[in-house]
Amino acid sequence: MHVRRKASQDDTVEAYDAAPSLLRRIRNRVVRRWLSSRFSTYADTRPEGLELFSQARTADGARVAQQVPEADVYNLHWITGFIDPLSFFQNTQQPVVWTLHDMNPFTGGCHYNVGCRKFEDQCGACPQLGSDDESDLSRKVWTRKRQAYQAAIQNGRLHIVSSSTWLADEARSSFLFQDAPTHIIPLGLDIGTFLPRDTKGLRSALEIPEAHRVVLFVAQSADNHRKGFDLLSGALSTLDGGRSTEETSRSCPSGARRRTSK
């Protein structure tokens, strides 16, 4: 594995060496400011409540691609802010399997389209930027991605993997990935860890009365409106049919929230 930041002592995981010279640090700062200024143009028009918008560029640019170890096949995952796709595909001639974790690799910058279908064409006039300009930042990002992927797709070197049918269908619908082979490989679980087991004592440990019903909601962030915790909360509040209720809603570090109702 080659990662931006290493969080283990595993010898098979290699971290990117970001120790640049003074000149490189100055250059990186200039690039970051330029990227920020391109996005800040839309500060007054971008709707609130949206998620990340990425420009498919990094301050380190080609330097990251040059440090990627030699391999027979590369498996990309979530590369935002780390790998510049144009530099990577220009420096790589080996087959690439890209495991999708959101829509960003085939859009003009958004990570979730919120109903917009412009990624099926070439983006532009992006609703997530509040833009009516067909040549806006989303079109520039989309064009750069097309330049990055085009040769790899034509040569059969890029294969797309999705863990869900929905995301695979969206990738196939996109202009950028429509000619790339797309496969569905569901996420795997270690059944030695995730298995039915005796739960006696868990209610007591979590302070959940034995008579209470339990619904578990899990998301990276329960405060992310798209994850729908507000909808779940509203639905649960209607289930008691007027009986007296005692409810607990607690935010957990893992992004899970627990709600119990008697």
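How much area does the protein expose, and what share of it do carbon and sulfur atoms supply?

## The whole protein

About 16,100 Å² is exposed, and 52% of that comes from carbon and sulfur atoms. Keep in mind that this is a predicted model. Its C-alpha trace spans about 65 × 50 × 40 Å along the principal axes.

Of the 262 residues in the protein, 39% are buried. The secondary structure adds up to seven helices and nine strands. If you take the contacts with a separation of 6 or more, 56% are between residues 24 or more positions apart.

## The parallel sheet

Now for the strands. Four of them make an open sheet with parallel pairing, in the order S3-S4-S5-S6. Strand S3 (74-76) and strand S6 (182-184) sit at the edges, each pairing on one side only. From one strand to the next, the twist averages 25°.

Look at S3 and strand S4 (residues 96-99): they pair in the parallel sense over three bridges. There you'll find Leu76 opposite Trp98 in S4. As a general point, strands of a sheet pair through backbone hydrogen bonds, either parallel or antiparallel.

Helix H5 (residues 165-173) lies across strand S5 (158-162) and S6. Relative to S6, helix H5 runs at about 175°.

## A nonpolar patch

Over on the surface, Leu22, Ile26 and Val30 make a nonpolar patch of about 290 Å². Ile26 belongs to helix H1 (residues 22-40).

Why can Ile26 count towards this patch? Patch residues need over 30% relative accessible area, and Ile26 qualifies because its value is 47%, which makes it partly exposed.

Note on methods:
Residues are numbered from 1 along each chain as its sequence is written. This is a predicted model: local features need pLDDT of at least 70, side-chain atom pairs count only at pLDDT 80 or more; totals for chains, interfaces and linings use all residues. Side-chain values use heavy atoms; hydrogens and water are left out. Two strands pair if DSSP finds at least two bridges between them. Helices (H or I, at least four residues) and strands (E, at least two) are DSSP runs, numbered from the N terminus. Axes are lines fitted to C-alpha atoms, for helices over the stretch in contact, and angles run from 0 to 180 degrees between N-to-C directions. Contact means heavy atoms within 4.5 Å. Patches are made of residues with over 30% relative accessible area and no salt bridge: like charges are joined within 9 Å, nonpolar side chains (Val, Leu, Ile, Met, Phe, Trp, Tyr) within 5 Å. Accessible areas come from the Shrake-Rupley method with a 1.4 Å probe; for residues, only the protein chains shown count as cover. A salt bridge is a side-chain nitrogen of Lys or Arg within 4 Å of a carboxyl oxygen of Asp or Glu. Buried means under 20% relative accessible area, exposed over 50%, partly exposed in between (1.4 Å probe, protein chains only).
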